[in-house]
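Student: Please take one helix of this model and look at it closely, then follow the chain outward from there. I would like the cut-off behind each term stated as it comes up.

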Amino acid sequence: MTHFAHADTRLEKSGDLLHLLIPASAFGATLMVEEDYQGSWQLIQSGVVSRLVVEGLKYGIDKQRPDGSDSDSFPSGHAADTFAAATFVQQRYGWKWAIPAYIGATYVSYTRVASDKHYVEDVLAGAAIGILSGLYFTEPYKGITVTPIAGGGSYGIAISGRF
């Protein structure tokens, strides 16, 4: 049994590491790629607003974690943080760079469920908060925009740009 507990701890720690690495890498990219730091400010706005929404919901909903450690289960802050950063990367620098970021964010979310820190709906809600925050605050660096659309019972995305 100890072997599995050790494996779970390593899994959780790997998710925690990526939780820090994905936003830090996105921030580093803004410092190296852009000269006016507009992207840095957009990433900061996205991350801060996403985290404020998460913390407000955690406080208001008070849902017990699967491992019983506390009542901060819904929504997942790890998922929100990493998906906000991945969405920022996608919006700002394109899918080439975003695919690894989204894979990493998905892995972080998986580790939260596998480590009994969250239920699946917790990480899905966190991911949605992060994605929406990233979409709202991030302006495309290359001139292509991906915008969520919702209204009149229809949902989708609009993609626009100059070709």
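Tutor: Helix α2 has 24 residues, which should span 34 Å at 1.5 Å a residue, and since its end C-alpha atoms are 35 Å apart, the expected and computed spans agree (the expected span is 1.5 Å times one less than the number of residues; helices are DSSP runs of H or I with at least four residues and strands are runs of E with at least two, numbered from the N terminus). The model is a predicted one, in which local features need pLDDT of at least 70 and side-chain atom pairs count only at pLDDT 80 or more, while totals for chains, interfaces and linings use all residues. Residues are numbered from 1 along each chain as its sequence is written, and side-chain values use heavy atoms, with hydrogens and water left out.

The buried residues of α2 are G39, S40, Q42, L43, S46, S50, V54 and K58 (buried means under 20% relative accessible area, exposed over 50% and partly exposed in between, with a 1.4 Å probe and protein chains only). Of these, Q42 has a relative accessible area of 3%. Setting aside neighbours within four places in sequence, Q42 is in contact with F88, R92, F137, T138 and E139 (contact means heavy atoms within 4.5 Å). The C-alpha atoms of Q42 and G134 are 8.4 Å apart in space, although 92 residues separate the two in sequence.

Past the end of α2 comes D62, whose phi is positive, near 55°. In the loop that leads on to α3, K63 forms a salt bridge with E121, the closest N and O atoms being 3.0 Å apart (a salt bridge is a side-chain nitrogen of Lys or Arg within 4 Å of a carboxyl oxygen of Asp or Glu). This pair links distant parts of the chain, with K63 between α2 (38-61) and α3 (77-93) and E121 in helix α5 (residues 120-137), 58 residues apart. E121 is partly exposed, at 43% relative accessible area. K63 also meets D122 in a salt bridge of 2.8 Å, N to O, and here the two partners, in the same loop and in helix α5, are 59 residues apart. D122 counts as buried, because its relative accessibility is 0%.

A further salt bridge joins K117 to D67, at 2.9 Å between the closest N and O atoms. K117 lies in the loop between α4 (95-114) and α5, and D67 in the loop between α2 and α3, so this pair ties together parts 50 residues apart in sequence. K117 is buried at 18% relative accessibility, whereas D67, at 34%, is partly exposed. By the salt-bridge rule the count comes to eight, and E12, D16 and R112 are linked in a network of such bridges.

R112 belongs to α4, on the contact of that helix with α3. The axes of α3 and α4 are 8 Å apart at an angle of about 175° (axes are lines fitted to C-alpha atoms, for helices over the stretch in contact, and angles run from 0 to 180 degrees between N-to-C directions). The two helices are therefore roughly antiparallel (over 145 degrees). Among the residues of this contact are F83, A86 and Y93 of α3 and W97, A101 and Y102 of α4. The contact divides into twelve nonpolar, six polar and one charged residue (Ala, Val, Leu, Ile, Met, Phe, Trp, Tyr, Cys and Pro count as nonpolar, Asp, Glu, Lys and Arg as charged, and the others, Gly among them, as polar).

Methods
Parallel < 35°, antiparallel > 145°, perpendicular 65-115°, else oblique.
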